[in-house]
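User: I would like to go through the assignments in this model and see how each label follows from a value and its cut-off. Please take them one after another.

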Amino acid sequence: MAHSGGTAFAIQAVESYPQLFHAYIGIAQITRQAESEKLGYKYMMNRYLANGNSKMVAEFKKYPILENDSLILPFLNSVLRDKAQHELGLGTMHNMRSIIKDIFLPVWTCKAYTIREKLNIWISKFSFLKKAGLRGEIIQSDITAKVPRLEIPVYFFSGKYDLTVNNELSKEYLGKIEAPIKGFYTFKESAHSPMFEEPQRLKDILIKDVLNNSTTLADN
């Protein structure tokens, strides 16, 4: 199981070593992330135009990624992107508005992690953000071309409101990928993190479908 940025690498590992895995589960599966960023940008810009939010429209115009691909990575790393996604319910979680209240504090109060593990979560997060080369590689890659086929069952989980990784692109990819079993699951109350937003539904899918090599709960 991989989530978001991790899916770009995990799916390639599964392609190379299928014998090590029972199935592949991509949560917010990355496909062509440059296109995903453009689709998200266009949607958010149109929302702010429709809402008459001239301040946010002006901020978005500072990153004209629809005309200039070189600005995609700066936009991806910007505070603006996160702010807009959370404000519009399209980011980490559909009902999340504050990284501090909805992620930082819950991580630190969770009894399942040790202090060292809690520290490592944030160390790895900020380390990844600083690795421009790694993020750039993800942006420039076309995972659909790199991995057209897998030898084990494939399951994609996507939040209905996710624009961090465009769910329509993920669904299109699953339709084209060759695999013995494949299922696409839309989480209708989620954005980018269905494992946190709808954990019971995710658990049901793992038990009823993934463990049994079936797709009974998949989208029709």
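**Labels and the values behind them**

Analyst: D69 is partly exposed, with a relative accessible area of 49%, and this comes from a predicted model.

User: Why is D69 called partly exposed?

Analyst: The label exposed requires over 50% and the label buried requires under 20%; D69 has a relative accessible area of 49%, so it counts as partly exposed. K38, with a relative accessible area of 24%, is partly exposed by the same rule.

User: What makes the pair K38 and D69 a salt bridge?

Analyst: The closest N and O atoms of K38 and D69 are 2.7 Å apart, and the cut-off for a lysine nitrogen and an aspartate carboxyl oxygen is within 4 Å, so the pair qualifies. K38 belongs to helix α2 whereas D69 sits in the loop between α3 and α4, so the salt bridge ties together parts that are 31 residues apart in sequence.

User: How many salt bridges does the structure hold, and what makes K176 and E172 one of them?

Analyst: The structure holds 10 salt bridges. For K176 and E172 the N to O distance is 3.7 Å, which is within 4 Å, so this pair is a salt bridge as well. Both residues lie in helix α10, four residues apart, about one turn of the helix. Salt bridges that share partners also join R32, E35, E172 and K176 into one network. As general background, an α-helix has 3.6 residues a turn, so residues three or four places apart point the same way.

User: Are K176 and E172 buried, partly exposed or exposed, and how do you know?

Analyst: K176 has 62% relative accessibility, and because exposed means over 50%, K176 counts as exposed. E172 has 35% relative accessibility, which falls between the two cut-offs, so E172 counts as partly exposed.

User: What makes K101 exposed, and which residue does its side chain meet in a salt bridge?

Analyst: K101 has a relative accessible area of 54%, which is over 50%, so K101 is exposed. Its side chain meets that of D102 in a salt bridge at 3.1 Å, N to O.

User: Why is T164 called buried?

Analyst: T164 has a relative accessible area of 10%, and buried means under 20%, so the label applies. T164 lies in the loop between β3 and α10, and, leaving aside residues up to four places away in sequence, T164 touches Q33, S36, E37, R81, Q85, L90, G91 and H192.

User: What makes the pairing of the T164 and Q85 side chains a polar contact?

Analyst: The two side chains make their contact at 3.2 Å, and the cut-off for N or O atoms is within 3.5 Å, so the distance condition is met. Q85 is itself among the buried residues of α5, together with L80, R81, A84 and H86, and what covers the buried residues of α5 includes α2, α3, α4 and α6.

User: How do you know that T109 is exposed, and where does T109 lie?

Analyst: T109 is placed in helix α6, and its relative accessible area of 59% is over 50%, so T109 counts as exposed.

User: Which element gives the most to the lining of the largest pocket?

Analyst: That element is α7, with seven residues. The pocket holds about 1,500 Å³ of space, and of the 43 residues that line it, the closest to its centre are H3, T92, I103, K125 and H192. The lining divides into 23 nonpolar, 14 polar and six charged residues.

Definitions and conventions: Residues numbered from 1 in each chain as written. Predicted model: local features only at pLDDT ≥ 70, side-chain atom pairs only at ≥ 80, totals over all residues. Heavy atoms only, no water. 1 Å grid on protein atoms, 1.4 Å probe; cavity = no way out; pocket = protein on both sides within 12 Å on 5 of 7 lines; lining within 4 Å. Points joined across faces, edges and corners; volume = space filled by probe spheres on them. Helix = DSSP H or I, 4+ residues; strand = E, 2+ residues; numbered from the N terminus. Nonpolar A, V, L, I, M, F, W, Y, C, P; charged D, E, K, R; others polar. Buried < 20%, exposed > 50% of the residue type's maximum accessible area, 1.4 Å probe, protein only. Contact = heavy atoms within 4.5 Å. Polar contact = N/O pair within 3.5 Å; in protein donor to acceptor, adjacent residues only side chain to side chain.
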